[in-house]
Amino acid sequence: MADLILKDVVKSYGDVNVLKDINLDIETGELIVFVGPSGCGKSTLLRMIAGLEKITDGTLSIDGQVMNDVPPAQRGIAMVFQTYALYPHMTVRDNMAFALNIAGKSKDEINAAVGGAAEKLQLGPYLDRLPKELSGGQRQRVAIGRAIVRDPKVYLFDEPLSNLDAALRVATRIEIAQLKEQMPDSTMIYVTHDQVEAMTLASRIVVLANRGIAQVGSPLELYERPRNTFVAQFIGSPAMNLLGGKIVGTGDITTLELADGAGQITSNYPSRSEDMGAEVQVGIRPEDMIATEDDNYAFAGKVDITEALGEVTQLYFSAPRPGEDTDTVIAKLHGIHRGLRGQHVKMTGAPDKVHVFRDGISLHHR
Amino acid sequence: MSPLLQGIITILVGVFGCVGYFYAANLVLDKVIFPARGPHAGRNINRATAVRPWLFLFPAIAILGIYLVYPVVGSFVRSLYNRAGDEFIGAGNYATLSGDPGFQTALFNNALWVLFVPAAATFIGLVVAQLTDRLSWGNIAKSLIFMPMAISFVGASLIWKFVYAGDPDIGIINAVRDVIGLSPVDPVQIPFWNNFFLMFILVWIQTGFAMVILSAALRGIPEETIEAAIIDGANPFQLFFKIKVPQIMGTIVVVWTTITILVLKVFDIVYTMTGGNFGTDILPSYMMSFMFRDDGRATAVAVVIMVVVLPVMVWNIRQAQKEMR
Ligand SMILES: Nc1ncnc2c1ncn2[C@@H]1O[C@H](COP(=O)(O)OP(=O)(O)OP(=O)(O)O)[C@@H](O)[C@H]1O
Ligand SMILES: [Mg+2]
């Protein structure tokens, strides 16, 4: 079992603390994706697992063995870099064989391993080329091949697709997903900025923010039940709308009043009796906004801009009241809607799509 | 006139003279010779465009021609004449040279210099560049090693005359010998090995150059390739020789050949240290020993040196261009 466990891990550069209280259990065969805003420490955490950065405090163990002071090559990990990091003076074959050569493996063993990886990644025809004679996508495949050849317990990817163009990114993403299926016992940790990559590849997503882990969960868990307003707005695009409101009814179902005269709407989030009258933030994703004629609604406003994408129409409202987290409220309606610009529209959300946060924390996760 | 004022005037005349030349030449070309109006305006513009590069290149080409090409041709012609310069003797000087044991010694020694100095300076420079890279006081060490670059060859030779001095109170080599009870020697008189004592002076000077260039090249290596190699299990030696050095091979070659060309021109060190005695002559110092006495022979040696340098030079320029791409 290649369980990878991070316990109370801390990272500081001198006096500057970058990560703290990182606790994470990763099971064999999982594909974990780290996401988070730029500079939140995703790469740093990955590099600590790789052994390229010292762990300031806490422990990292793989398969029950503490790895804090084990050199990178002996941790049973392999890493794929954003910039490919191929050795420019070596052919594709030598790039992939390098680690095995260093380890003193026999010629036959090396040829078998390189051949196998090349076949998996369709690199056969390119084995004798130099990296500079390959396209970006092929280079990234060589980088992945270099990892596969070593047969590591844990694969580490740091934004492996972000240097590729959009079409190639999709293709390579699918290849990585297929690769993962071929190797069900290998654990992968994957850093990305791309929501779609995170949602489609991950068995679990780790959202990093404010020097720590904001939430860990399956992609849909994060989407449907975000722990806090940060995760709520980070996952999903466009970001979730957050509206100010007040709890006017508690219980298994919470009743909310969002604006004077807006009537009442309900959420499936449970609340306690002491929440009665509390000021809360009510989140509704743009795609969950429904236009309504009813007297009970979540939000009413004038449509500033419409974006007709064919498949959906996006409506942009400017938020009418100060003190809200979003400047702009966005609604995403299915299909084509003409002539909405400048109109006054009332919007609401279905009870299971209305998220309630008190002091930034979801009522679900208290 | 004070030298300072002279210098300033020279700079002003040079700089503004150039600007003035380009401006005036351009003006004459566009307004007088090929004016962009009248019935042939289009044709004139095309012609002016074709002529302009040559106009602008003219000063450089002319000066290079006068000060480089003419002397080369002139030297070659002179080398075909006798000592007094009044009788054409064809390859006579070259024939005499090839039969002269002094010339053979100089040629052999020069070969030693060309093999040893660039290799030693480049290798030491490379190792020092790598070793000082991570040190907190690395930059101080680098400055110290770079400093000899600023000393003239004659000055450096004088310094090393002290190092090699026979008096144990002055020369460090003999001071060491004195401590362990050996009698003093004169390093520059030890046959064969004295060449290396002289070469070492140039190595001492040139290591700084190699170090600075190679240190910049080492820093230019993408950090990720090094990290990837660390993950692949490379130890520091493998990292250096299998990942770093191959990636800066182009720069190493440029440094190596640049020093090689310099070595083929060095004469001051030998001249100052031994005057070419004790079997330490090299081609340039050998040439100097004939200068003003037998210009025919001296120019013949000069031509030999040029022929030897030329291929290295061409290769060097090719490599440097490849590096820039
Ligand atoms: N050597 C260093 N010294 C000091 N601070 C550093 C150092 N390296 C990284 N940091 C800081 O650590 C934080 C995390 O950096 P890291 O590269 O892990 O971010 P990231 O989440 O990968 O960002 P991105 O998404 O832009 O790649 C950043 O705020 C950065 O400024
Ligand atoms: Mg990063």
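**Questions on a predicted two-chain model**

Reader: Are Arg47(A) and Glu227(B) buried or exposed?
Author: This is a predicted model, and its assignments should be read as such. The cut-off for a buried residue is under 20% relative accessible area. Both Arg47(A) and Glu227(B) are assigned to that class, and the word for the pair is therefore buried.

Reader: What is the N to O distance between the side chains of Arg47(A) and Glu227(B)?
Author: Side chains of opposite charge can pair when their charged atoms come close. Arg47(A) belongs to helix H1 (residues 42-50) of chain A and Glu227(B) to helix H9 (residues 223-231) of chain B, so their pairing joins two chains. The two side chains form a salt bridge, with an N to O distance of 2.7 Å.

Reader: Which residues are linked with Arg47(A) in a network of salt bridges?
Author: The search of the whole structure, over all chains, finds 18 salt bridges. Arg47(A) takes part in a network of these bridges. Its partners in the network are Lys11(A), Glu53(A) and Glu227(B).

Reader: Which side chain meets Glu274(A) in a salt bridge?
Author: Glu274(A) is exposed, since its relative accessible area is 52%, and the cut-off for that class is over 50%. The partner has a relative accessibility of 41% and therefore counts as partly exposed. The N to O distance of this salt bridge is 4.0 Å, and the side chain that Glu274(A) meets is that of Arg272(A).

Reader: How many residues apart are Asp30(B) and Arg52(B), whose pair links distant parts of the chain?
Author: The side chains of Asp30(B) and Arg52(B) form a salt bridge at 3.3 Å, N to O. Asp30(B) lies in helix H1 (residues 3-33) of chain B and Arg52(B) in helix H2 (residues 41-78) of chain B, and the separation along the chain is 22 residues.

Reader: What is the relative accessible area of Arg52(B)?
Author: Its partner Asp30(B) counts as partly exposed, at 27% relative accessibility. A residue is buried under 20%. Arg52(B) is therefore not buried but partly exposed, because its relative accessible area is 21%.

Reader: Which element gives the largest share of the nonpolar surface patch?
Author: The patch covers about 990 Å², and its residues include Leu64(B), Leu68(B), Phe76(B), Met306(B) and Ile317(B). Two elements of chain B give two or more residues to it, namely H2 and helix H14 (295-324). Leu68(B), a member of the patch, is placed in helix H2 and counts as partly exposed at 49% relative accessibility. The largest share is seven residues, and it comes from H2(B).

Reader: What relative accessibility does Phe317(A) have?
Author: Phe317(A) is placed in strand E17 (residues 312-318) of chain A. Its C-alpha atom is separated by 30 Å from that of Thr250(A), which is 67 residues away along the chain. Phe317(A) counts as buried because its relative accessibility is 0%.

Reader: Which peptide bond is cis, with omega near -5°?
Author: Most residues other than glycine have a negative phi, and most peptide bonds are trans. Pro238(A) is found in the loop between helix H8 (229-234) and strand E11 (241-249) of chain A. The cis bond leads to this proline, and it is the bond from Ser237(A) to Pro238(A).

Reader: Where is Gln122(A), which has a positive phi although it is not a glycine?
Author: The phi of Gln122(A) is about 50°. The residue is found in chain A, in the loop between helix H3 (107-120) and helix H4 (136-149).

Reader: What is the positive phi of Phe192(B)?
Author: Phe192(B) is placed in the loop between helix H7 (172-179) and helix H8 (193-219) of chain B. At 37% relative accessibility, Phe192(B) counts as partly exposed. Although the residue is not a glycine, its phi is positive, at about 65°.

Reader: What percentage of the residues of chain A count as buried?
Author: Chain A contains eight helices and 21 strands, and its C-alpha trace spans about 80 × 45 × 35 Å along its principal axes. Among contacts in chain A with a separation of 6 or more, 67% come from residues 24 or more positions apart. The chain exposes about 16,300 Å², of which carbon and sulfur atoms supply 48%. Of its 366 residues, the buried share is 50%.

Key:
Residues are numbered from 1 along each chain as its sequence is written. Chains are lettered from A and ligands numbered from 1 in the order in which they are written. This is a predicted model: local features need pLDDT of at least 70, side-chain atom pairs count only at pLDDT 80 or more; totals for chains, interfaces and linings use all residues. Side-chain values use heavy atoms; hydrogens and water are left out. Helices (H or I, at least four residues) and strands (E, at least two) are DSSP runs, numbered from the N terminus. Buried means under 20% relative accessible area, exposed over 50%, partly exposed in between (1.4 Å probe, protein chains only). Contact means heavy atoms within 4.5 Å. Accessible areas come from the Shrake-Rupley method with a 1.4 Å probe; for residues, only the protein chains shown count as cover. Patches are made of residues with over 30% relative accessible area and no salt bridge: like charges are joined within 9 Å, nonpolar side chains (Val, Leu, Ile, Met, Phe, Trp, Tyr) within 5 Å.
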